[in-house]
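User: Please take a close look at the metal site in this model and describe how it sits in the chain.

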Amino acid sequence: PPHTRWVTKGWLRFSVIIRFKRNCNRGVISMSKSIVSLARALDFAARKHTGQTRKGELAEPYVNHVADVASLLAEVTNGRDPILVIGGLLHDTIEDTETTFEELKAEFGLPVARLVQEVTDDKSLPKEERKKLQVSHAGSKSRRAKLLKIADKTSNLRSMIASPPKGWSTERMREYVNWSTKVVKKCRGYNLELDNAFDEAKAAARVSLQRRAKARTGATTKRRKR
Ligand code: ZN
């Protein structure tokens, strides 16, 4: 009957509004707004990280790393979570540049600012302490922060192998692999594709480190023979 149809239609319209509002509160933003925010976040990150380079021997611009993390996050979530991808682009701004939480909040909104804050280490603490805290705090982070952590570690492992940090011994790199595995262990279980990407990067890193160790012992034996 027409009366029921009207009720159904009215209810549908109502539930669409409710869902839209809920999404806004959760920090889901519309497609066109997302593209504008993404472009602005990339520009923001590039400007903030100006002059910074990666530790690797290739000394790539630092922004390459955040672009890598953001693109990994976008791919494994099929572009469904702009806040996460924007967070990926900005994830090192508070920790490594002169960026404040308030600035991110004003420019990109509260959900993005909170996400970046969540993955920011307290730089007033010594490095070893910070590394320990990353492991013990990882489990209590939000889902987005956990995904971001895994993407960050995956990107770091990949570049460690592609362009080893200057002055890092094989042992130090092995320690890095083990430590990042501990952090990721507390973050995984939300996105299988991302978990697999980390596992692949870790396996590739282990193979490459084994090869390095072997090449080094080979070189020492040769030197000894001579
Ligand atoms: Zn990072």
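Analyst: The metal site comes first, then the chain around it.

This is a predicted model, in which local features need pLDDT of at least 70, side-chain atom pairs count only at pLDDT 80 or more, and totals for chains, interfaces and linings use all residues. Residues are numbered from 1 along each chain as its sequence is written, and side-chain values use heavy atoms, with hydrogens and water left out.

The zinc ion is coordinated at 2.1 to 2.4 Å by NE2 of His-65, NE2 of His-91, OD of Asp-92 and OD of Asp-152. Donors here are N, O and S atoms within 2.8 Å of the metal (3.2 Å for Na, K and Ca); water is not among the atoms, so sites may look incomplete. Along the chain, the donors of the zinc ion have the spacing H-x25-H-D-x59-D. His-65 belongs to helix H3 (residues 63–76) and Asp-152 to helix H9 (residues 143–162), so this pair ties together parts that are 87 residues apart in sequence. Helices (H or I, at least four residues) and strands (E, at least two) are DSSP runs, numbered from the N terminus.

The arrangement of the 4 donor atoms is irregular because they subtend angles of 80 to 173 degrees around the zinc ion. Four donors count as tetrahedral if all angles lie between 85 and 135 degrees; four count as square planar and six as octahedral if opposite donors are over 155 degrees apart and all others between 65 and 115; anything else is irregular.

Both His-65 and Asp-152 are buried. For His-65, the relative accessibility is 3%. Buried means under 20% relative accessible area, exposed over 50%, and partly exposed in between (1.4 Å probe, protein chains only). Beyond its neighbours within four places in sequence, His-65 is in contact (heavy atoms within 4.5 Å) with Arg-54, His-91, Asp-92, Asp-152, Ser-155 and Asn-156. The side chains of His-65 and His-91 also make a polar contact at 3.3 Å. A polar contact is a pair of N or O atoms within 3.5 Å; within protein, one must be able to donate a hydrogen and the other to accept it, and residues adjacent in sequence count only if both atoms are side-chain atoms. From C-alpha to C-alpha, His-65 and Asp-92 are 9.6 Å apart in space, with a sequence separation of 27 residues.

Two loops that border helix H3 contain residues with positive phi. Ala-59, in the loop between helix H2 (31–48) and H3, has phi near 45 degrees without being a glycine. Ala-59 is partly exposed, at 30% relative accessibility. Asn-78 lies in the loop between H3 and helix H4 (82–90), and its phi is about 50 degrees, again positive in a residue that is not a glycine. Asn-78 is exposed, with a relative accessible area of 56%.

The protein chain as a whole has 11 helices and 0 strands. Of its 226 residues, 40% are buried. Among contacts with a separation of 6 or more, 69% join residues 24 or more positions apart. The largest nonpolar core has 48 residues, and those with the most contacts inside it are Leu-73, Leu-90, Leu-104, Phe-108, Met-160 and Leu-194. Such a core is a set of buried Ala, Val, Leu, Ile, Met, Phe, Trp, Tyr and Cys residues joined through side-chain atoms within 4.5 Å.
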